[in-house]
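Hi,

Here is the structure I promised to pass on. Have a look at it first, and then read on for what turned up.

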Amino acid sequence: MRAREGAGRRGGGGQVPAGVWHGLSPRPRVGQDGGSSALAAEVAAARHCPRLSPAIGAGPGSGGSMAEQDPAPGCPRGKQQQPAFTWEVRANDRSYHRQFRKKFAFCLSKRKYSGNAIRTAKYNLLTFLPLNLYEQFHRMANVYFVFVILLQTFPEISTLPWYTLLFPLSCLLIIRGLRDLIDDIGRHRSDRNINSRPCEILAGKRFRWQKWRDICVGDIVRLHKDSVVPADLLLLCSSEPSSLCYVETADIDGETNLKFRQALLVTHQELGSEESMAAFDGRVRCEEPNSRMHTFTGTLRWRGRAHALDSERILLRGCRVRNTALCHGLVIYAGFDSKIMRNCGKIKRKKTKLDHLMDRLVIVIFLVLLVTSLGLAVASGFWARTFQEKHGYLAALYKHTSPAQQAFLNFWGFTILLSVIIPMSMYITLEFIYLVNSCFINWDLEMYYGAKDIPAEARSTSLSDQLGQIEYIFSDKTGTLTQNIMSFKKCCVNGTIYGNPGTGHENKQPPGSGLTWQRPGEQKLDVCDVTLLEAAQRDNDPVLREFLRLLALCHTVMVEDRGDQLVYQAASPDEEALVLAARNLGYVFLGRTQDSITIRELGRTRTYEVLAMLDFNSDRRRMSVLVRDPQGTIRLYTKGADTVILERLRRRGPKESLTERALDRFAEETLRTLCVASREVSEAEFCAWSRRHHEAAVLLQDRAQELDRLYEEMEQNLQLLGATAIEDKLQEGVPETIQLLKLGNIKVWVLTGDKQETAMNIGYACKLLTDDMEILEEKEVSEILQAYWDSNNNLSGSGDTPCSRHLSQQHPEAPCHKRAIIISGDFLDKILHTGEVLKEKKGWPWRWLRCDGVEASQDQGGLVEKAFVDLATSCQAVICCRVTPKQKALMVQLVKKHKKAITLAIGDGANDVNMIKTADIGVGISGLEGLQAVQCSDYALAQFSFLQRLLLVHGRWNYLRICKFLRYFFYKTFAGLLGQVWFAFHSGFTAQPLYEGWFIALYNIFYTAYPVLSVGLLEQDVSAKKSLEFPELYVVGQQDELFNYRVFGVTLLHGASTSLISFYIALWAFEDHVGTKAMGDYESFSVTVALSALLSVLVEIVLDTQYWTVLSFLMVTASLLLFCLFSFLTQSADAFRIAPAIFRFPDASWNALTDPYVLLVVLLSLVVSTLPSLTVRAFRAILGRATTQQKMQLKAPEPPVELRSHVPRGSRRRSGYAFSHQEGYGGLITRGDSLRARATPRLP
């Protein structure tokens, strides 16, 4: 009988407290609900029937026998094999699986059992053009441009040829389409590489090398050492003893420590040759493909017997086989049905917050344009009727058109004339700015990781401004915050602390789980404290001797002899660090057999008989080994969490008090602590205990509970030897980065598949959690949410944030920002599905929901979600442990849904892919693990610490640049082109253009584009150094201060005022005549208004530019020179003679601008236009509205971020316990399943 089921028991988060909505049951899982009773009954029969083979979970860690037994009469079998779980896999029978199909859209169907080929690309040759155009026309601006082009095709209302707008729109669509195509080609290439990986598939009676894409459900594949598992497989057998298979899941969850899987005894014994595998006709019935990474439920029926299956028998796609020469597996789930692919999520087109705002603004502008055009058209109709009444002699000109018809045509003429208010050139320029800003990220040497030659990479070029608006960061732990390298830093032995700073050498172990050393007796000075090494070598302290002996004996580390070196293989990096520490201090672990351990103690080789191994699990939080030393003395060595060891001591004396104070100190320094203790066991006590242990080990029911009781009995009256402190090495700069992000009002949530103790320890180490924070664990969270439901049992609430209110009621003395939430994946799953349970459980308060059906259920579930999100976001930090990849994505989705916040997800493994795709910004860490996260990310970094520069520098700058660019592009467009509206009032409300056609065409492309472009590329309000020194400046982007509806409205009014000033000052000057040349013609007036507006726009941009470079100066100069150049070319007399219909303003600029009076009019317009901006700046200075520079000067300097805190904790001591070991390895060793033979340890 297994001691655990699923991820909940393996996780540190433990079971969900009963306080969560008292009496509510958790969400039904596969194999637990009534609708799936058939398979559950079959599994139960396989587990509990005394004559059924083998006992469920008789594999690793269960302590159960793997002996095959004959089925007894009466055992439930065939009657309970109803197709509750409809996923049936038949070995070596492809034709069976091909006959099944399932619907997926309308009347279309596809094969039920997927092939193993994957396709993560979005397009193919047939779908690229229609699908990409469909996606691009989700942008309202593109729809608007097509509408204007269609209007231009009607000659009655056209003011410009239709192709003049079609060409730039085509360029814009092509640029974006090529960008999408390049990204998708990369995905196609990645898919092709993965699908073409070689593997051995059983074809007929022998294995043949084929490709991954050729694998089908039901095939048997052969895997070699270091090969990647191509699909979800049922392990059939391996070359290891008892068909063990060691796998590394680094590509899935970033963890480098080895995990083991074990085949059923029946397949291990019977499938030893290719012929027997070819004849294998077993049938697996199991749950449908799902995303639960840590659970699997099914049965194998073969030769009339049912054998229960669980996750310990399954090799997941993406794992890597380690230390196993050969293994064979039956394909259960292939391709997109595999668990890791089920967790990957879909590729979604990401749009920034400004993109969504621009879509809405386009609609607003278009509506304003239509209203303006309608008003002018109505006015033109009235004007035409009045004009015809006054001038009857012109009736012949109007006999074919009535005033209403003329108003109708003028409406469309004004619509086309004013359509340039939404300039297409803005979108093309914006794409260029995004591209260059992405290059700036790629070229940033401060984000270049020289140790591995990895630069930062902006894989998406259209999201850079959103980097300046991040509110929540969702981070993986292993491989993202940490290096997953454990280092023995300090210890306390008999009350004496070793490893003080400055007293010894730092322990600089090389990375990886296979640390090697040349000779067993070789001593290296890579120890935490030279004093400790000297004390160990003197060998005059019996407590220190026992302490080091315990480190060398009490573990499940395996050792492999590779000729001239020994290689340690540990189930957890913690154990490896402890064994290596003992080795470096003279107590060298040499080897083990099923019932002995051999170590070398200061040069003397000693063999200890292993009498029993009391294995670790997450409930006991300790492990022990019972050994007989060469002198015949029996001793128990125990290591575990301080809380469980200290309460089992024989006595509490001064030495124990010193050790407790040392544990306080280690915990303050965020080190992972373990207490170690031992005691001597008498022969009589051991014999009595051993007899009862043997009886308990063969129980068929309640075996785990009985063994735990016996372990508890043995682990009493211990003598404390000391404590160890291990550092889980963070990536460089992680604490400082998190501190800066918190100062920038960015909340960091850690979503990890690791245990709660480990995640908490890392939370303290990286300063995400602090000593003055109140930690809300699952019980407190459930009480707060229960109180919310008790006081809000109807759904017509006021919409407040109740969670924050209840927080303050329960703990009014602590502000919300001093709280943190730590929950498990099981608890999260239960919370998010409580709505359904409440509906069934509460009774009358929810009765009225039933009439609304699904909608009411969805509303209720949404309120549950919102209540939880309100509670979580009111806290400074959130840590979710033991979460699946799908739950990671769900957390991101919940915050996006209920808080409308901009999110960023960062991770390094395949288990982070779904989270990265779901977040607004996805960042992949280019680490030691696989590249799945990087391939699906928007930005790739080598270190977590580079995130501070990516967000606080590049993100803030890019947001500033894009906002200023948009603001001034709209301003210059309104300032230059709204003159058309004012001109209509003086031209009979006809659609007569005010400006020359060439000026309209070139205004946004050459005359004003370059200064605005320089702002979009180079603008900075403060330097990069100041941005990092004052992270509070980042809040501007989170609050959308630089571009929003208010800013757009102010920009519209500003542009309208500039156009009014430019137009009416020139009109006033031209009412009679201006200058000595007596000019008052339409062309000169047009040139004067155009130049006035152009200079006003350029001066406004010059005044607001904060960061001047040579390029900025050249851009402004180039605009003026280009205006002069194109005015000369388009208004020359020669051009007019060649094409008078195209070049209609011969010598207009020359005639106007050579008159000093016209220049004075232009100067007057410029001064009056600039006065409002200067006045606003003056008022801001007078009223004391702080600018960015002033805020920086007023802000008091923050103390530097320190890595270690030594603030006294008061009466509450925080345990630093964190141990990444897993249950089950003790059983492997004591049964001998993991040992090839009884080998004699190699001596030097």
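Before the first pair of residues, one bit of vocabulary: two strands count as paired if DSSP finds at least two bridges between them. Keep in mind, too, that this is a predicted model.

With that in hand, take strand E8 (residues 244–248), which pairs with E14 in the antiparallel sense over three bridges. Across that pairing, Tyr246 stands opposite Arg322 in E14. Both strands belong to an open, antiparallel sheet of three strands, ordered E9-E8-E14. Strand E9 (258–262) and strand E14 (320–322) each have a single partner strand, so one side of each has no neighbour in the sheet. From one strand to the next, the twist averages 45°.

Now for the other sheet. This one is open and has nine strands, in the order E19-E18-E29-E28-E27-E26-E25-E24-E23, again with antiparallel pairing. Its edges are strand E19 (496–498) and strand E23 (587–593), each pairing on one side only. Neighbouring strands in this sheet are turned by 30° against each other on average, direction ignored. If you want a spot to zoom in on, strand E24 (residues 596–601) and strand E25 (residues 604–614) pair over six bridges in the antiparallel sense, and Ile597 stands opposite Tyr608 in E25.

Two helices go with these strands. Helix H18 (residues 654–668) lies across strand E18 (482–493), E19, strand E28 (672–681) and strand E29 (719–730), and runs at about 10° to E29.

The other is helix H19 (residues 683–697), whose 15 residues reach 21 Å from first C-alpha to last, close to the 21 Å expected at 1.5 Å a residue. Which residues of H19 are buried? They are Phe686, Trp689, His693 and Ala696. These cover an arc of only 90° around the axis, which puts them on the same side of H19. That fits the usual geometry: an α-helix has 3.6 residues a turn, so residues three or four places apart point the same way. On the other side of H19, Ala684, Arg691 and His694 are exposed. The cover over the buried residues of H19 includes E25, strand E26 (622–628), strand E27 (634–640), E28 and helix H20 (703–714).

One last residue, in case you are thinking about histidines. His954 sits in helix H31 (residues 946–977). Its relative accessible area is 7%, so His954 counts as buried, the cut-off being under 20%. Leaving out residues up to four places away in sequence, His954 touches Phe440, Ile441, Asp444, Met447 and Arg949.

Cheers

Methods: Residues are numbered from 1 along each chain as its sequence is written. This is a predicted model: local features need pLDDT of at least 70, side-chain atom pairs count only at pLDDT 80 or more; totals for chains, interfaces and linings use all residues. Side-chain values use heavy atoms; hydrogens and water are left out. Helices (H or I, at least four residues) and strands (E, at least two) are DSSP runs, numbered from the N terminus. Axes are lines fitted to C-alpha atoms, for helices over the stretch in contact, and angles run from 0 to 180 degrees between N-to-C directions. Contact means heavy atoms within 4.5 Å. Buried means under 20% relative accessible area, exposed over 50%, partly exposed in between (1.4 Å probe, protein chains only). The expected span of a helix is 1.5 Å times one less than its number of residues. The arc is that of the directions from the helix axis to the C-beta atoms.
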